[in-house]
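Please read the following briefing with the sequence and the structure side by side. It takes up a pair of helices, a metal site and a single histidine in turn.

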Amino acid sequence: MLKVEDLHYAYDGAIAVAGVSLEVGDTEIVALLGANGAGKSTTVKCIAGAQRPARGRIAFNGAELAGRPSHHVVRHGITLVPEGRMIFPQLSVVDNLEMGAYAVRDQKAKAQSMDFVLDLFPRLAERRSQLAGLMSGGEQQMLAIARGLMSAPKLVILDEPSLGLMPTLVQGLFDLVRSIRDRGIGILLVEQNVHQSLRICDRGYVLEKGQVVLSGTGRELLADDFVQKAFLGTGAAA
Ligand SMILES: Nc1ncnc2c1ncn2[C@@H]1O[C@H](COP(=O)(O)OP(=O)(O)OP(=O)(O)O)[C@@H](O)[C@H]1O
Ligand SMILES: [Mg+2]
């Protein structure tokens, strides 16, 4: 479904992404892992059209999306839920959700998306008229994800969705990621929570200094010595 090849990006000459290639298949969960500053957010912003790559190809179901603006990318079926929740605190839950469907012109499709997300997030359905700013941090994160789903994407990119969540809510978040996939949506998951991500993903990529240094199935990466040492603190030599 998504095929990224040789992606490059630099901030004022400082190279952040240096030749990343990765793929996400239909209804696959793919993890994108790496230390702080490895280039994960920059990579996904380039894919979502929030930043314009210096070089590289981004093919999505046959369309070439590299360098296209985010509203164009959204119409092709890719949504990014960015790092930090960026919901509108002064708007109600439902109004926040409506904002996620800004690129959808068909009112019937919009209503279907609303039904879909309120069914997937019963907690948001209960609180649909509440001001978003009064929701708990965990609920705001759910709202950010739900808003991303309002454009009826084929691929959702989640940038550190578990960041700042209480440990007791993190498991629920990973269950949610799986249930989104079970409804036919592919997921590119950027996460610090390496162990949980590798358990639920089909495949994963490890970024270091803007390059993919390792890739494999979730199971392979969980068992990998480098991954264990670098992220899980459990390697043989750790
Ligand atoms: N707006 C910016 N201006 C200048 N440099 C930036 C900017 N955003 C990121 N960088 C730099 O680009 C590199 C990659 O950053 P990026 O945010 O993509 O990493 P990341 O893997 O998402 O890290 P984190 O895990 O901390 O979110 C880092 O060296 C970072 O300092
Ligand atoms: Mg980041």
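**Two helices, a metal site and a histidine**

Helix 3 and helix 4 are oblique to each other, because an angle counts as oblique when it falls outside the ranges for roughly parallel, roughly antiparallel and roughly perpendicular. The model described here is a predicted one, and the points below are grouped by topic.

**The helix pair**

- The axes of helix 3, which covers residues 93-100, and helix 4, which covers residues 107-120, come within 11 Å and cross at roughly 125 degrees.
- The crossing in which helix 3 passes helix 4 is right-handed.
- On the helix 3 side the contact is made by Val 94, Leu 97 and Glu 98, which meet Lys 110, Met 114, Val 117 and Leu 118 of helix 4.
- Of the residues in this contact, five are nonpolar and two are charged, while none is polar.

**The magnesium site**

- The magnesium ion (ligand 2) has as its protein donors Ser 41, through OG, and Glu 83, through OE, at 2.0 to 2.7 Å.
- These two residues link distant parts of the chain, 42 residues apart, since Ser 41 belongs to helix 1 (residues 40-48) and Glu 83 to the loop between strand 6 (78-81) and helix 3.
- Ser 41 is buried, with a relative accessible area of 15%, whereas Glu 83 counts as partly exposed at 34% relative accessibility.

**The histidine in strand 1**

- His 8 lies in strand 1, residues 2-11, and counts as buried because its relative accessibility is 19%, where the cut-off for buried is under 20%.
- Leaving aside residues up to four places away in sequence, His 8 touches Val 17, Ala 18 and Gly 19, as well as Pro 53, Ala 54 and Arg 55.

Notes: Residues are numbered from 1 along each chain as its sequence is written. Chains are lettered from A and ligands numbered from 1 in the order in which they are written. This is a predicted model: local features need pLDDT of at least 70, side-chain atom pairs count only at pLDDT 80 or more; totals for chains, interfaces and linings use all residues. Side-chain values use heavy atoms; hydrogens and water are left out. Axes are lines fitted to C-alpha atoms, for helices over the stretch in contact, and angles run from 0 to 180 degrees between N-to-C directions. Helices (H or I, at least four residues) and strands (E, at least two) are DSSP runs, numbered from the N terminus. Angles under 35 degrees count as roughly parallel, over 145 as roughly antiparallel, 65 to 115 as roughly perpendicular and the rest as oblique. A crossing is left-handed if the near helix is turned anticlockwise from the far one by less than a right angle, and right-handed if clockwise. Contact means heavy atoms within 4.5 Å. Ala, Val, Leu, Ile, Met, Phe, Trp, Tyr, Cys and Pro count as nonpolar, Asp, Glu, Lys and Arg as charged, and the others, Gly among them, as polar. Donors are N, O and S atoms within 2.8 Å of the metal (3.2 Å for Na, K and Ca); water is not among the atoms, so sites may look incomplete. Buried means under 20% relative accessible area, exposed over 50%, partly exposed in between (1.4 Å probe, protein chains only).
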